[in-house]
Each structure stands twice: as structure tokens, then as C-alpha cells.
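Welcome! Have the sequence and the 3D view ready, try each exercise yourself, and then read through the solution.

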Amino acid sequence: MTSRVQRVALLAGVIALGACMKQSGGTDGGNSTGAEKNTAFAASSGDPIASAESAAPASIAHNASVVTVDPNGAMKELRKGNNGWTCMPDAPDTPGPDPMCFDANAGKWVAAWVAHKPPPAATVGGMYILEGGTDASNTDPYAKQPTADNDWVKTGPHIMVVGSPEILAGHPSGIKPDTAVPYVMWAGTPYAHLMVPVKGS
């Protein structure tokens, strides 16, 4: 079974794509209630684009690139976006829904993490995982499966803020956090980031 860590690691395959995306884009009025209902329906019926769009607010997701990455790291672009964001549909081999959308800076942070390198300085990025996500160790950035001593945590729908040590101040960072409130994951490592739980879509 693929862990959340393995799932997020696949994001590294889309870094090159992010460099080619336009940084300005228009709106298409896609944030209406009707559009969101249509997206939710399509996501439940196996449409990968709708699944990917369900990860973020419609105002972002409808103009984002949509990509898939297979377990071998091969990437396929399903739709080219124009707002600098990239979304991925739910991975069918993970235990829960985990579509995600991320900006270009978050992609750089993930690339550094996958390569075991320090994240770029002053490069704050964001990820939306509003349908929920498969989960990870709260203390070991490279754990692939839960064990008795790697502090596995479960967080439902959430937003991740990466690349900003300053934003972590004041948030709890214990090994067994209350995942119903914002908390620091991977505290004490170069990849510490803020997990912000939100209500489900």
C-alpha cells in the first residue's frame, strides 16, 4: 500500500512542468456552487480531472494544470493550466482520497525533500489537500509505513504551508499532535511545515 510520503514524493516528477507554466491566468467563473457540485459528482464517478480539481478551491483548481504520475514516476499531463498551480487526482492505490494541488514553490520544496537536500530559502509554497490525504510519520520525513515508534498521524482535509520557518512559531510541534488544529509536521528537520486542517468539502 502506498503511503502519503510515497504519494507526495511523486510530485517531484512535475517540477519541470511547473517551470513551463504561465504565471498569469484569467478566471472562468468556475467557483460557482453548481460547478463545485458538478466537480464532486464527476470526482465520484472516476473522472481524473474532476478528482484533481476537488483538491483545491475552484478558483484555483479550474485553471491549474492537471497531471498524473504512475508508481514508476512517469508523468502524463491531462490538461495544461495557466495559473502556476498543478493538481493531481486521487491515487487509487492509497487508502483514502488524496487529490492535491500545489504551487510552483511547493514543487521546489518537494524536489529538495525527495533529493535529501535543504529546501530553497525564502520560498514559501502552498498545497491544498481538501479531500483528505493518506498520512505519514510526524517525525520521520522518509518513513514509508507506520511502525511502533515513528509517530504516524492521520490528518483529514488540510492545507500545507511549506518553506517558511517563521510561520511555524507558536504552533504545536509535539510527536503526537492534535490534528484537529494547525500543527507542525516534521519539526526539527529541514522539512518542517505547517499542517492546517480544514472542514471537508
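Of the 201 residues of the protein, 47% count as buried (under 20% relative accessible area with a 1.4 Å probe and protein chains only; over 50% is exposed, and in between is partly exposed). This is a predicted model, in which local features need pLDDT of at least 70 and side-chain atom pairs count only at pLDDT 80 or more, while totals for chains, interfaces and linings use all residues. Residues are numbered from 1 along each chain as its sequence is written, and side-chain values use heavy atoms, with hydrogens and water left out.

**Exercise 1. Find out where the model can be read with confidence.**

Step 1. Begin with the average: the mean pLDDT (the predictor's confidence in each residue, from 0 to 100) is 77. A value of 70 or more is reached by 74% of the residues.

Step 2. Now look for the extremes. Confidence is highest in helix H5 (residues 58–61), at 96, and lowest in helix H2 (residues 15–20), at a mean of 38.

Step 3. Mark residues 12–44, where pLDDT stays under 50. For this stretch the model has 51 contacts (heavy atoms within 4.5 Å) beyond four places in sequence. Where pLDDT is low, the predicted coordinates should not be read in detail.

**Exercise 2. Trace the sheet from edge to edge.**

Step 1. Take stock of the elements: there are six helices and ten strands (DSSP runs numbered from the N terminus, with at least four residues of H or I for a helix and at least two of E for a strand).

Step 2. Follow the order E2-E1-E3-E4-E5-E8-E10-E9, in which eight strands form an open sheet with mixed pairing. Two strands pair if DSSP finds at least two bridges between them. The edges are strand E2 (75–79) and E9, each of which pairs on one side only. From one strand to the next, the twist averages 25°.

Step 3. Zoom in on some neighbours. E4 and E5 are antiparallel, with two bridges, and here Phe102 stands opposite Met127 in E5. E5 and E8 are also antiparallel, with five bridges, and Gly126 faces Val161 in E8. Four bridges then join strand E8 (residues 158–162) to E10, again antiparallel, with Ile159 and Val196 as bridge partners.

**Exercise 3. Decide how strand E5 and helix H6 fit together with their surroundings.**

Step 1. Is E5 enclosed or open to the outside? Five of its five residues are buried, so E5 is largely enclosed by the rest of the structure.

Step 2. Check each face of E5. One side has Gly125, Met127 and Ile129, the other has Gly126 and Tyr128, and all are buried.

Step 3. Turn to H6, which lies across strand E4 (100–103), E5, E8 and E10. Its direction is about 95° to E4 (axes are lines fitted to C-alpha atoms, for helices over the stretch in contact, and angles run from 0 to 180 degrees between N-to-C directions). The buried residues of H6 include Ala106, Trp109 and Trp113.

Step 4. Inspect the two ends of H6. At its start, a side-chain oxygen of Asp103 comes within 3.3 Å of the backbone nitrogen of Asn105. Just after H6, His116 has a positive phi of about 60°.

**Exercise 4. Compare two loop residues with positive phi.**

Step 1. Recall the background: most residues other than glycine have a negative phi.

Step 2. Locate Ala122 in the loop between helix H6 (104–114) and strand E5 (125–129). Its phi is near 50°, and Ala122 counts as exposed because its relative accessibility is 81%.

Step 3. Locate Trp186 in the loop between strand E9 (183–185) and strand E10 (193–197). Its phi is near 60°, and Trp186 counts as buried because its relative accessibility is 2%.

**Exercise 5. Describe the surroundings of Asp151.**

Step 1. Place Asp151 in the loop between strand E6 (136–137) and strand E7 (152–153). With a relative accessible area of 12%, Asp151 is buried.

Step 2. Which side chain makes a polar contact with that of Asp151? The partner is Thr139, at 2.9 Å. A polar contact is a pair of N or O atoms within 3.5 Å; within protein, one must be able to donate a hydrogen and the other to accept it, and residues adjacent in sequence count only if both atoms are side-chain atoms.

Step 3. Leave aside neighbours within four places in sequence, and Asp151 has contacts that include Ala136, Asn138 and Ile175.
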